[in-house]
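Good morning, colleagues. Please look at the structure on the screen while I take you through a few of its features, one chain at a time.

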Amino acid sequence: MIQLKNITKVFNQGKPNEFTAIDGVSLSIDSNKVTVFEGPSGSGKTTLLSLIGCMSRPTSGRIHLMDQEITSLPERFLTEIRRKTFGFVFQHFHLIQSITTLENVMLPAYPSGEKHSALRKRAMELLDLFNISSKATVKVKWLSGGEAQRVAIARALINNPSVIIADEPTAHLDTKLSLELLEILGKLKNNQKTVLIASHDPFIFESAIVERLIRIRDGKIDGRAA
Amino acid sequence: MIFHPAIIALILSSIFISFLMTYSSYFSFLIQRKWDLKSGSDLQLTLERRTYLVSTILPYVFAFQILSFFLYIYTADQLHTLFVGAMCAAGSLYVNSYGYPTLILKGVNFLLAGLWLILNYVDNRGYDYPLIKKKYAFLLFMTPFILAELILQANYFFRLRPDIITSCCGTLFSGEGKSLAADIVALPSLPLKVAFYLSMFLTLLSGIYFCRHGRGGYIFAGMSALTFVISLLSIFSFISLYIYELPTHHCPFCILQGGYGYIGYPLYLTVLGGALSGMGVGILSPFRNTKSLSAVIPSVQRKLALTSVLLFLIFTVIVSVRMLISDFILEGY
């Protein structure tokens, strides 16, 4: 369970270009479900996901992950939570182009100090799961869009997080690849993962796998649907 | 004022440290008044963010504060050639009435800065800022000392005149005067030797006991402080005599010179380091049962105790070896 209490995020506070991206949002997100944040560009979806995923801190308000309050945590503890609890799939994937698929997937687990052979085995299993193990030794820059996306998802899962955060995952995908993505997200849900998606693509938020839809507009929750 | 690179470095760094301490005091004041971890208010989150900044910068500031103690003595020693009558730092510091007060204050600030660094190190390892109010209250307490040091040190350096005739260490630290230094050097050497070895033995014993059983932190810290004082008195009273192999030369500064193998630096470093880490054990003891630090403090305390024992032991070995290999026989003078 993730709980947000009166979360506000203001950029450039006190300056002429001050901008309130999130404005007093309070909500609870259930575990092991697929939740989609839907709203137009600039509505605050990405900001909200970055706050939940401990990528940034709110200007005011508190976020509780299970029973732990996470917004006040010093950075050294946040890093640990970010690494163990959240897996991120970014809109532009943010893969490192000049290294191989396998290395990209293994990269987030390096700080854990896990034995390299065990890590490599786990990364190969993930690549197998997404049917791209044949590309393990290929540099990412030579992958197609769909392949790169699957690598990004495999990378998000390498530390076995309980929450997957995906920001506009279908923004650069055609229909076939979007269907493929939904299939993967369905698998993750069946594996007891909590999936949080920010999207304004009807293909995503009208999908049958989505259990909760949260509409955001101008940094506020506009209405809810399940 | 004499333009010397070390003087300029000391003055500028002292101004910089005082400025940061003044800002940190304002921040400390806010922490005392407004800190409330349960609140998610804008101000609380701002304080949380700012405390990262302050507790990241201050360790560097205090690291220099600690170093500046030795730089100050080194500078005073380097300057002695400019003053008629001065033979070492003792004479340079006696050029005006601010030299010795600055030195004492730097010593006090050395210990305070070290203790704050220990508190800060431990606090940063707790997920819920367990010592935040205490460590910033301690910072508030320290600020007047740091500012006083700036004023005294500035007065000392700005009032230095190369034409001043000063006294040499032989006069300043002779047992025949009526000053505090004269009283100290006039202390009988045999009882002080007994006190030195006894206090050192008890400190090492209580330190080893603490390392093994995790108990007796306050006793060990108290013994460290006591041994520190006795060790300083011993340097004045009899250790210096064995190093100089002269029955009347008690100067605590000449031992920092090349002619004596710079033996003063390891002596002062080990005794100060031993005292600081020993007292660090005591300052952490009240927080051993704090939930978020219950796994951190015992391990930090054990490391501190081990460091303290090791440094005091090195100090004792240096002193004892020097006394044993010296041709000088003190008793009888």
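**A sheet in chain A, two domains in chain B**

His64(A) stands opposite Glu69(A), a residue of strand S5(A). Please bear in mind that this is a predicted model. The pair belongs to a junction in which strand S4 of chain A, residues 60–65, runs antiparallel to S5(A) and is joined to it by 2 bridges.

Let me now place that junction in its sheet. The sheet is open and has 4 strands of chain A in the order S2-S1-S4-S5, with antiparallel pairing. Its edge strands are S2 (19–29) and S5 (68–69) of chain A, each of which pairs on one side only. Helix H1 of chain A, residues 45–52, lies across strands S1 (2–11), S2 and S4 of that chain, and runs at about 60° to S2(A).

I turn to chain B. Its domain assignment gives domain 1, residues 1–166, and domain 2, residues 173–333. The C-alpha centres of these two domains of chain B lie 24 Å apart. Their contact takes 18 residues from domain 1 and 19 residues from domain 2 of chain B.

Which elements give two or more residues to the domain 1 side of chain B? They are H2, helix H3 (89–93) and helix H4 (99–123) of chain B. H4(B) provides the largest share of that side, 7 residues. By character, the residues of that side divide into 13 nonpolar, 2 polar and 3 charged.

Finally, consider helix H2 of chain B, residues 42–79. At 1.5 Å a residue, its 38 residues should span 56 Å, and the end C-alpha atoms are 53 Å apart, which agrees. H2(B) also bends by about 30° at Ser68(B).

Notes. Residues numbered from 1 in each chain as written. Chains lettered and ligands numbered in written order. Predicted model: local features only at pLDDT ≥ 70, side-chain atom pairs only at ≥ 80, totals over all residues. Pairing = 2+ DSSP bridges. Contact = placed C-beta atoms within 7 Å. Axes fitted to C-alpha atoms, helices over the stretch in contact; angles between N-to-C directions. Expected span 1.5 Å × (residues − 1). Bend = angle between axes of the 7 residues up to and from the residue. Domains from an automatic or database assignment. Nonpolar A, V, L, I, M, F, W, Y, C, P; charged D, E, K, R; others polar.
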